[in-house]
Amino acid sequence: MKKLLLLTFLLGAFTMNAQEVTFGAKAGLNISSWAGDETEDLDSRTSFHLGATAEIAISDVFSVQPELLFSSQGTKEEFSEEGFSSESSIVTNYIQIPVMAKYYVTEGLSLEAGPQIGFLMSANSEGSSTFDGETESYDEDVKEFFNSVDFGLNIGAGYKLDSGLNFALRYNLGLSNILDGADEDDISLTNRVLQLSVGYTF
């Protein structure tokens, strides 16, 4: 809560000194995975993100861009041997609030970095297994095993056309353990997400 209050204060201070504020929308591709203990056999999961943006221009070359995003993340695993195969995914859906500092190195092209806070909306374990030609599927709610809040750091780059159409490539480095109730002796897992976005500024 203290971090949210600080974030609100900083955004208010930036807005008071802003030369211009523009709003937009964005959507795109997520390639997500986990880093940490016992992740050697896990694969990346492909999904999506979408949401709204506001760019607060502080100067001709520097701006701050807070966003409100829905981001579907997680990981997956595949296994097979003679007569048996399985596919499973952990699907974690977040409401993400990144705040990006953007520096325009040239007209339209920006480098960006900033913190992010995420609120877990749902977490499901889903998949199927096949044994001797018979397939069984499952879908279980596992939200209770995950922390409700996730902190991360974003770095990336973007390009904005005069028409308002824009493109961005961003990498999210999770900083906090996403597992609930974990201590120093337990497994530690953090989010890793590569995002490719297309947006439009109104």
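## Reading exposure, starting with I95

Buried means under 20% relative accessible area, exposed means over 50%, and partly exposed is whatever falls in between. Keep that in mind, and remember that this is a predicted model. With a relative accessibility of 24%, I95 is therefore partly exposed.

Where does I95 sit? It belongs to strand β4, which covers residues 84–106. Setting aside neighbours within four places in sequence, I95 is in contact with L68, L69 and F70, and also with I117, G118, F119 and M121. Take I117 from that list: I95 and I117 are 22 residues apart along the chain, and their C-alpha atoms are separated by 8.5 Å.

## The overall layout

Now zoom out to the whole chain. The secondary structure comes to 1 helix and 9 strands. Walk along the sequence and you get the pattern α-β-β-β-β-β-β-β-β-β, with the helix written ahead of the strands.

The protein chain has 202 residues, and 37% of them count as buried. How much of the contact picture comes from residues 24 or more positions apart? Among contacts with a separation of 6 or more, such residues account for 61%.

## The nonpolar core

In soluble globular proteins, nonpolar side chains tend to be buried together. Here, the largest nonpolar core has 10 residues in all. Its members are W34, I90, Y94, L120, A123, V142, F146, I178, L179 and L189. Two elements give two or more residues to this core: β4 and β5, the latter spanning 109–131.

W34 is a handy core member to look at up close. Which residues does W34 touch, leaving aside neighbours within four places in sequence? Some of its contacts are fellow core members, namely I90, F146, I178 and L189. W34 is also in contact with T39, L42, G74, T75, T190 and N191.

## A closed space inside

Searching the whole structure for cavities of 30 Å³ or more turns up 1. About 190 Å³ of space lies in the largest cavity. Its lining is made of 23 residues, and the ones nearest its centre are T53, Q65, K102, N166 and T201.

Several strands chip in two or more residues each to that lining: β1 (20–36), β2 (43–57), β3 (62–81), β5, β7 (149–160), β8 (165–174) and β9 (189–201). The largest share, 5 residues, comes from β1. What kinds of residues are these? The lining divides into 6 nonpolar, 10 polar and 7 charged.

## An open pocket

There is also a pocket to explore, and the largest one has a volume of about 410 Å³. It is lined by 17 residues, with E20, E55, A57, Y104 and K160 the closest to its centre. At least two lining residues come from each of β1, β2 and β3. Sorted by class, the pocket lining has 4 nonpolar, 7 polar and 6 charged residues.

## Charged partners

Side chains of opposite charge can pair when their charged atoms come close. In this model, the count comes to 5 salt bridges. One of them joins the side chains of K160 and E55, at 3.3 Å from N to O. This pair ties together distant parts of the chain, with K160 in strand β7 and E55 in strand β2, 105 residues apart. Are the two partners buried or partly exposed? K160 has 27% relative accessibility, so K160 counts as partly exposed, whereas E55, at 9%, counts as buried. You have met both names already: K160 and E55 are among the residues closest to the centre of the largest pocket.

R170 is worth a stop too. The side chains of R170 and E67 meet in a salt bridge, 2.9 Å from N to O. R170 lies in strand β8 and E67 in strand β3, 103 residues apart, and both are buried. The side chain of R170 also meets that of E112 in a salt bridge of 2.9 Å, N to O. E112 belongs to strand β5, 58 residues from R170 along the chain. Relative accessibility is 3% for R170, so R170 counts as buried, and E112 is buried too because its value is 6%. Through shared partners, salt bridges join K26, E67, E112 and R170 into one network.

How values were computed:
Residues numbered from 1 in each chain as written. Predicted model: local features only at pLDDT ≥ 70, side-chain atom pairs only at ≥ 80, totals over all residues. Heavy atoms only, no water. Helix = DSSP H or I, 4+ residues; strand = E, 2+ residues; numbered from the N terminus. Buried < 20%, exposed > 50% of the residue type's maximum accessible area, 1.4 Å probe, protein only. Contact = heavy atoms within 4.5 Å. Core = buried A, V, L, I, M, F, W, Y, C linked by side-chain atoms within 4.5 Å. 1 Å grid on protein atoms, 1.4 Å probe; cavity = no way out; pocket = protein on both sides within 12 Å on 5 of 7 lines; lining within 4 Å. Points joined across faces, edges and corners; volume = space filled by probe spheres on them. Nonpolar A, V, L, I, M, F, W, Y, C, P; charged D, E, K, R; others polar. Salt bridge = Lys/Arg side-chain N within 4 Å of Asp/Glu carboxyl O.
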